[in-house]
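Visitor: Before we look at anything in detail, could you take me through the reasoning behind the labels used here?
Guide: Gladly; please keep the sequence and the model in view as we talk.

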Amino acid sequence: MRALAGTFVVFDGPDGSGKSTQFRRFADAARAAGIEVVEVREPGGTPIGEKMRAILLDPANAEMTVRTEMLLYMASRAQLYEQRIAPAMASGAMVLADRFVSSTLAYQGTAGGIDEDDIVAVGRVATGNHVPDLTVVFDVATEVALRRLSPLLDRMERKGHEFHARVRAGYLAQSRRWPERYAVVDSSTGPDEVTASLMRTVQSWCAARRGAPRAHAAPPAT
Ligand code: TMP
């Protein structure tokens, strides 16, 4: 855990992946280990961003185009980055973000049809080119994820099974494209098993980052 001090970690995944429960537990565990943690969530996380969140998730805005959606998510992110993330990083805290550019790549990119490299380029503008050290993707079958949602669906959650299956595929594609800064955690099981798997995954990532053998690696043959 201590190795996470000063890093920028994102928890992400499809709606219903259980990431928010794990986010809470992980932030508590990091603080218990003596790390200063700054938690942020997207869209929102600043007074201006929360107003954009309300527009983005309001089911009354059904006519919103995917490009508008993408730019609004990025605008919320730009405000969050400058107002909260950059100062936290400068102070040496660990930043733990509930969603980031990875969400835009999955929802407006893979699922929404906007070119991935265009999103990466706009993301660079929004974040001053700052890429998270680690993005943890919580992965679960779409049928299971959608069953977990409360019946009061927001505008994004209403997009249906096929859209959400593409969102899931988008996250998995990102983890294949950038394996050194993505990790996938199976979140189809109960919350305690997911937490155990998350802790092992993060430990393994920290070990790999230090150049030490990965936690799950076989001992060297002698
Ligand atoms: P939340 O429910 O985790 O707070 O996320 C809000 C919704 O916004 C969720 O359905 C995912 C979606 N979203 C995008 O479509 N693109 C983005 O860039 C972000 C940050 C969220």
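Visitor: Which residue follows α3, and what is the sign of its phi?
Guide: In this predicted model, α3 is followed by G92, whose phi is positive, near 90°.

Visitor: How do you know that the length of α3 agrees with that of a helix?
Guide: Helix α3 runs over residues 66–90, and at 1.5 Å a residue its 25 residues should span 36 Å; the C-alpha atoms at its ends lie 34 Å apart, which agrees with that expectation.

Visitor: Where does α3 bend, and by how much?
Guide: The bend is at Y81 and amounts to about 45°, taken as the angle between axes fitted to the seven residues ending there and the seven starting there.

Visitor: What makes a residue of α3 count as buried, and what covers such residues?
Guide: Buried means under 20% relative accessible area, and the residues of α3 that are buried include E69, M70, Y73, R77 and Y81. Their cover includes the strands β1 (8–12), β2 (37–41) and β3 (94–98), together with the helices α2 (47–57), α4 (101–110) and α5 (116–127).

Visitor: What makes the approach of Y73 and R77 to the ligand a polar contact?
Guide: The cut-off is a pair of N or O atoms within 3.5 Å; a polar side-chain atom of Y73 lies 2.8 Å from a ligand oxygen atom, and for R77 the corresponding distance is 3.1 Å, so both pairs meet the cut-off. The protein covers 93% of the 480 Å² of accessible area that the ligand has on its own.

Terms used
Residues numbered from 1 in each chain as written. Predicted model: local features only at pLDDT ≥ 70, side-chain atom pairs only at ≥ 80, totals over all residues. Heavy atoms only, no water. Helix = DSSP H or I, 4+ residues; strand = E, 2+ residues; numbered from the N terminus. Expected span 1.5 Å × (residues − 1). Buried < 20%, exposed > 50% of the residue type's maximum accessible area, 1.4 Å probe, protein only. Contact = heavy atoms within 4.5 Å. Polar contact = N/O pair within 3.5 Å; in protein donor to acceptor, adjacent residues only side chain to side chain. Areas by Shrake-Rupley, 256 points an atom, 1.4 Å probe, with all protein chains shown as cover.
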